[in-house]
Amino acid sequence: MSGRLTRRKLVIAGVATAAGASGLGAAVHFAGRYGLIPPDHAGILGIGETLTYSTQRLLTSGHSLAREFKRSEISKIAPVNGPSPKDETYRGLLADGFKDWRLKVEGLVARPTIFSLDELKRLPAESHINLHACEEGWSYIAEWTGVRLSHLLDLVQPRLEARYVVFVPFANPSQSTGVVRVLWDSIDMADALHPQTLLAYGMNGEALPLDHGAPVRLRVARHLGYKNTKYLSQIIVTDRADLYRKNPGTWYGGI
């Protein structure tokens, strides 16, 4: 019957009801019963993280898609926030057109692999026109071209216990202090395997611009911009819960 409640709807209703009627603690208990507790559930923000995580997983389960736009809707201006890396290694690669750039994919995988930019471009490519949503107002619509992260993961063959994918950008020494910072970010396997999650090397029909993360950046269509790490140098597949959303985001993260 069309009016029959599905099990998923009942679970969503249960989490919401528990939060509203019985208190947040009951909602967390209910979420835990259905495997909806995030790795970062502890601490003062743990209850909020649990409610956010469980709701997102229930409402966007499977391969629900972020909205796709028309080319006529691409923004005329794509704002950026944060400079490109000043790291000598990165600057040397940039000067040579990234011919020697390599992306190392390792961790809990059967086949650790190092990809060149040309090798990535030889893999099946696709494009998506999505909103790059920023909570600070740096939002815009752009077309992103690249290879699905899921395709890359198929090639390296994650082990069964793998749960998270960590993205490491190039280091960036502070111009004032000289201190080098490498601030990673991460997503879980549900987002890593999503069909709109790309390793993007193109933007609006051209090579990915420097300020937008050249030569390759992460594009997770269902997440806010700061999760879309730029200037990628390494990907680590892991089962370590302490590497899930424990970093405040790359300083030149997704904007």
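This passage describes salt bridges in a predicted model and the surroundings of the residues that form them.

A search of the whole structure identified five salt bridges. Three of these pairs are described below, each with its position along the chain and the accessibility of its two residues.

One salt bridge is formed between the side chains of Arg-71 and Glu-143, with an N to O distance of 2.6 Å. The two residues lie 72 residues apart and connect distant parts of the chain. Arg-71 belongs to the loop between helix 3 (46–59) and helix 4 (88–95), whereas Glu-143 is part of strand 4 (residues 140–148). The partners also differ in their accessibility class. Arg-71 has a relative accessibility of 60% and is therefore classed as exposed, the cut-off for that class being over 50%. Glu-143, in contrast, is classed as buried because its relative accessibility is 8%, and buried residues are those under 20%. This salt bridge thus joins an exposed loop residue to a buried strand residue.

Strand 4 also contains Arg-148, which pairs with Glu-126 of strand 3 (residues 126–132). In this salt bridge the closest N and O atoms are 2.8 Å apart. The pair spans 22 residues and again links distant parts of the chain. Both partners fall in the intermediate accessibility class. Arg-148 is partly exposed, with a relative accessible area of 32%, and Glu-126 is likewise counted as partly exposed, at 22% relative accessibility. Since the buried class is limited to values under 20%, Glu-126 at 22% is not counted as buried.

A further salt bridge involves Asp-185 and Lys-227, whose closest N and O atoms are separated by 2.8 Å. Asp-185 is located in strand 8 (residues 185–188), while Lys-227 occupies the loop between strand 11 (217–220) and strand 12 (232–238). The two positions are 42 residues apart, and the pair links distant parts of the chain. Here both partners are buried: Asp-185 has a relative accessibility of 2%, and Lys-227 has one of 4%. The side chains of Asp-185 and Lys-227 are also joined by a polar contact of 2.8 Å.

Taken together, the described pairs cover several settings. Arg-71 is exposed and its partner Glu-143 is buried; Arg-148 and Glu-126 are partly exposed; and Asp-185 and Lys-227 are buried.

Methods:
Residues numbered from 1 in each chain as written. Predicted model: local features only at pLDDT ≥ 70, side-chain atom pairs only at ≥ 80, totals over all residues. Heavy atoms only, no water. Salt bridge = Lys/Arg side-chain N within 4 Å of Asp/Glu carboxyl O. Helix = DSSP H or I, 4+ residues; strand = E, 2+ residues; numbered from the N terminus. Buried < 20%, exposed > 50% of the residue type's maximum accessible area, 1.4 Å probe, protein only. Polar contact = N/O pair within 3.5 Å; in protein donor to acceptor, adjacent residues only side chain to side chain.
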